[in-house]
Amino acid sequence: MSRVTTLSTRSLIAGAAAIALLATAGGYGLGQWRKGPAPAAGDVPGRKVLYWYDPMVPAQRFDKPGKSPFMDMQLVPRYADEGAGPNAPGVAVDPRGAQTLGMRLARAEMTSLASGLAIPGSIEFNQRDLAIVQTRTAGFVQRVYGHAPGDIIAAGAPIADLFNPEWAGAQTEYLAVRRIGDPRLTAAARSRLTLLGMSQSLIAAVEHDGKVQTTSTVRAPIGGVIQTLDVRAGMSLASAQSLAQISGLATVWLTLSAPETQAGLIRIGQSVSAQLPAFPGETFSGRVSAILPAAQADSRTLQVRVELSNRGGRLRPGMSATASLAGDAAPVLTVPSEAIIRTGRRDLVMLAQGGGRYQPAEISVGRQAGDRSEILAGLSAGDQVVASGQFLLDSEASLAGLEPRPLTSQAATGPTMEAAAPVMKPVPKGARSLLQAQGRVEEITADTITLSHGPVPAIGWPAMTMIFKLDPPSLARGLKAGDQAAFGFEQRPDGSAVRSLRRVEASR
């Protein structure tokens, strides 16, 4: 009884498995019959494939599907409605996505951008207003007037009384000749007194009193600060010995440290307004008197000298100041500074093309004042740029392999963008000369050639292996894999095409 049951059970299990297998096969066949052949990779009804690319090297384009020569992965199709076609450049963002990204547009406008600069500086002595007090003849110091270095003295203030022994004999001779009454001898003797360093007032006193005057008072020729004072009572002095050095305070120098990048905005005679923390709310005016020829190597700054009037001697050397250099306020093309993407190699903006599309455009940036920057080239008045959210758009454009519109392009509506291989420098539009390179032939097909070539400095390419179109295909006649070849190619919207090709001998 148990044996019969066991056999019956096994038979039922085997029959069920056979029925399932037949059903599966029949269902698969029916499905294949109904479904038809599998579509090719990338074929989507209603969508046109422009090219295939490697997501890790998005700028390199291929005209057919397959495996990437750069990575171990399949190429990905790029469709025409994704905004990468030659007639629809840029990155497409729908209004809802723009709102989510917080995108904000700004217009390139002609505005008055004053070229004023705010530069730090410090007050210094005017080295052109400097007096050195010296002796005329040898003598002795009889008296000093209590001054010290750093004191401020007025013009004509006494510094020291000097005894001059040599004056006694010259004055005695002059008085004797004067009594004789010979005009020529008298004039000659008087000239000798002048040559010995006697002042006209002292000579007049000798003539009036008829007595020898051997003591003279040394006075400050200008008012200012005593920088050095080398005179003490009882000192013996030699002829032409320096007694004091005085720096005037009628005018002072404001020395500014201007960045060398702004040197072109500074000129001699330019008006300057200075503010000092010592006198809040006051403005001191002057003009640029000199731009020193040497730059400071450590700070990369130029020394700009401004001469300021110092009424009352309020401006003291060593005080800090901030100067504003006036400039013209002529209207220039500007955009908000926040809209500019600075890559270190070039400056970009995301240009709004209309219809929710945005295109990177290279620009040349000039001066900056406040929150706006001058645009020297790359935009026209009325162009709209993305002022918020532009970095996300730039990243998407880079992933899509979109080259920024070069500076040579005009800022007109609907410009075409050149599609290029992985370049670091834009190829000028319409360039007719071929780009030259040399490499090893890896594979040749009916209309393409794969080359492992060296760097192409003209467009910033590194050494790489890539597929080129052959134009015409007969260029590869006589070549085979492994040959060394020199070739010339050009950049096209649909990829790079070899226009000249010849075999070269391998270097030994």
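# Reading a predicted structure: sheets, pocket, cores and salt bridges

Modeller: Four strands, in the order β8-β15-β13-β10, form an open sheet with antiparallel pairing. Its edge strands, each of which pairs on one side only, are β8 (130-134) and β10 (152-153). This is a predicted model, in which local features need pLDDT of at least 70 and side-chain atom pairs count only at pLDDT 80 or more, while totals for chains, interfaces and linings use all residues. Residues are numbered from 1 along each chain as its sequence is written, and side-chain values use heavy atoms, with hydrogens and water left out.

Biologist: How should I read the words "strand" and "pairing"?

Modeller: Strands of a sheet pair through backbone hydrogen bonds, in either a parallel or an antiparallel way. Strands (E, at least two residues) and helices (H or I, at least four) are DSSP runs, numbered from the N terminus. Two strands count as paired if DSSP finds at least two bridges between them. Here, β8 and β15 (residues 242-248) run antiparallel and are joined by five bridges. Within this pair, I132 has Q245 of β15 as its bridge partner.

Biologist: How many helices and strands are there in the chain?

Modeller: The chain has six helices and 31 strands.

Biologist: What is the strand order of the other open sheet of four strands?

Modeller: The order is β12-β11-β9-β14, and the pairing is antiparallel. The edge strands of this sheet are β12 and β14 (236-237), each pairing on one side only. Four bridges connect β9 (residues 139-144) with β11 (residues 158-163) in the antiparallel sense. In that pair, F140 stands opposite F163, and R143 has D161 as its bridge partner. On to the next pair: β11 and β12 are antiparallel over five bridges, with A160 partnered by V218 in β12.

Biologist: How is a pocket recognised, and which residues are closest to the centre of the largest pocket?

Modeller: The search uses a 1 Å grid over the protein atoms alone; a pocket is an open set of points where a 1.4 Å probe fits, with protein on both sides within 12 Å along at least five of seven lines, and lining residues have an atom within 4 Å of a point. Grid points are joined across faces, edges and corners, and the volume is the space filled by probe spheres set on the points. The largest pocket holds about 590 Å³ of space. It is lined by 22 residues, of which G197, S216, T217, V218 and R219 are the closest to its centre. The elements that give two or more residues to this lining are β8, α5 (200-209) and β12 (215-219). The largest share, five residues, comes from β12.

Biologist: What does "buried" mean, and what share of the chain is buried?

Modeller: A residue is buried under 20% relative accessible area, exposed over 50%, and partly exposed in between (1.4 Å probe, protein chains only). Of the 508 residues in the chain, 39% are buried.

Biologist: How do buried residues form a core, and which residues touch the most other members of the largest one?

Modeller: A nonpolar core is a set of buried Ala, Val, Leu, Ile, Met, Phe, Trp, Tyr and Cys residues joined through side-chain atoms within 4.5 Å. The largest such core has 21 residues, and L254, L256 and L276 touch the most other members. The strand β16 gives the most to this core, namely four residues. A second, separate core of 19 residues includes I449, V456, W461 and M464.

Biologist: Which residues does L254 contact beyond its neighbours in sequence?

Modeller: A contact means heavy atoms within 4.5 Å. Leaving aside neighbours within four places in sequence, the contacts of L254 include G121, I123, A274, V304 and L308.

Biologist: What is a salt bridge, and how many does the structure hold?

Modeller: A salt bridge is a side-chain nitrogen of Lys or Arg within 4 Å of a carboxyl oxygen of Asp or Glu. The structure holds eleven salt bridges. One of them links R342 and D347 (3.6 Å, N to O), and D347 is buried at 17% relative accessible area. Another joins R440 and E442, whose closest N and O atoms are 2.9 Å apart. In this pair R440 is partly exposed at 35%, and E442 is partly exposed at 31%. In a further bridge, K480 meets D483 (3.3 Å, N to O), and D483 is buried at 9%. Salt bridges with shared partners also join D471, E490 and R499 into one network.
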